[in-house]
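Biologist: Please take a close look at one part of this model for me, the patch on its surface. Then follow the links from there, step by step.

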Amino acid sequence: MDPTTALLAASAAHAGFSVVVTVVVYPVLADVARGSPRQWAARHDAHSRRIGAVVAPLYLLVAAACVWTLATGPQGWAWVALTGNALAALVTAVRAAPTHGRLGREGPDPGLVRSLLLADRVRTLGAVVALVGSALAV
């Protein structure tokens, strides 16, 4: 496998995961946020534990593919894929993860939930851009 194909595979997995989170997982979490605070704490804690088992290996895979692509001198559309993946990672690190932390500590604040949903949409946009860029790079 060459680095561009690895980038495509990682970007496809990342985009698929991100779309499922945006369309299925976070709307359910937002619905729970409108419920009771006790229900929120249990559900948010369970979500955080479970999603970490998927997010950590996925982001390692994406990072490895991006580093491999960078090391070999990306061309053309590969830069779009790298930029999309970088956007998704940056939004996760700067906004989504800290907001999840605050939601875990402070409870289901509507402003924090809106912030998380917005960060998630931007992150998914980055993942989809990465998928398109990597597909065009292959």
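Modeller: Start with helix 1, which gives 4 residues to the nonpolar patch, the largest share. This is a predicted model, so keep an eye on its confidence scores, because coordinates should not be read in detail where pLDDT is low. Here the mean pLDDT of the protein is 94. The share of residues that score at least 70 is 100%. Helix 4 has the highest confidence, with a mean of 97. Helix 2, residues 37–71, has the lowest, with a mean of 92.

Now the patch itself. Its members are Val19, Val20, Val23, Val24, Trp77, Val128, Val132 and Leu136. Together they offer about 680 Å² of accessible area at the surface. Two elements supply two or more of these residues: helix 1, spanning 3–33, and helix 4, spanning 110–137.

Pick out one member. Val24 sits in helix 1. Its relative accessibility is 47%. Exposed would need over 50%, and buried would need under 20%. Val24 falls in between, so it is partly exposed.

Stay on helix 1 and move along to Val32, which also belongs to this helix. Is Val32 buried or exposed? Its relative accessible area is 8%, so Val32 is buried. What covers such a residue can be looked for among its contacts. Beyond the four places on either side of it in sequence, Val32 touches Gln39, Trp40 and Arg43. Compare that with Leu60, which is 28 residues away from Val32 in sequence. The C-alpha atoms of Val32 and Leu60 are 30 Å apart in space.

Next, charged partners. Side chains of opposite charge can pair when their charged atoms come close. The model has 3 salt bridges by the rule used here. One of them joins Arg34 to Asp31. The closest N and O atoms of Arg34 and Asp31 are 2.6 Å apart. Arg34 is exposed, because its relative accessible area is 63%. Asp31 is partly exposed, at 48%.

Another salt bridge links Glu106 and Arg102, at 3.2 Å from N to O. Both residues are in helix 3, which runs over residues 77–106. They are 4 residues apart, so about one helical turn separates Glu106 from Arg102. Glu106 has 48% relative accessibility, so it counts as partly exposed. Arg102 has 36% and is partly exposed too.

Now go back to helix 4, one of the two elements that give two or more residues to the patch. Here Arg123 and Asp120 form a salt bridge, with N and O at 3.1 Å. The two residues are 3 apart along helix 4, about one turn. Are these partners buried or exposed? Arg123 is buried, because its relative accessibility is 9%. Asp120 is buried as well, at 2%.

Leave the charges and look at polar contacts. Asn85 lies in helix 3. Its relative accessible area is 4%, so Asn85 is buried. Which side chains meet the side chain of Asn85? Ser11 is one partner, at 3.1 Å. His14 is another, also at 3.1 Å. Look past the neighbours within four places in sequence, and Asn85 has contacts with Leu7, Ser11, His14, Val62, Cys66, Gly126 and Ala130.

Finish in helix 2, at Thr69. This threonine is buried, because its relative accessible area is 2%. The side chain of Thr69 comes to 3.3 Å from the backbone oxygen of Pro3. With the neighbours within four places set aside, the contacts of Thr69 are Pro3, Leu7, Pro74, Ala78 and Leu82. Leu7 is worth a second glance. It is among the contacts of Thr69, and it is among those of Asn85.

To put the pieces side by side: Val24, in the patch, is partly exposed, whereas Val32 is buried. Both residues lie in helix 1. The partners Arg123 and Asp120 are buried, whereas Arg34 is exposed.

Methods:
Residues numbered from 1 in each chain as written. Predicted model: local features only at pLDDT ≥ 70, side-chain atom pairs only at ≥ 80, totals over all residues. Heavy atoms only, no water. Patch = residues over 30% accessible without salt bridge, like charges linked within 9 Å, V, L, I, M, F, W, Y side chains within 5 Å. Areas by Shrake-Rupley, 256 points an atom, 1.4 Å probe, with all protein chains shown as cover. Salt bridge = Lys/Arg side-chain N within 4 Å of Asp/Glu carboxyl O. Buried < 20%, exposed > 50% of the residue type's maximum accessible area, 1.4 Å probe, protein only. pLDDT = per-residue confidence, 0-100. Contact = heavy atoms within 4.5 Å. Polar contact = N/O pair within 3.5 Å; in protein donor to acceptor, adjacent residues only side chain to side chain.
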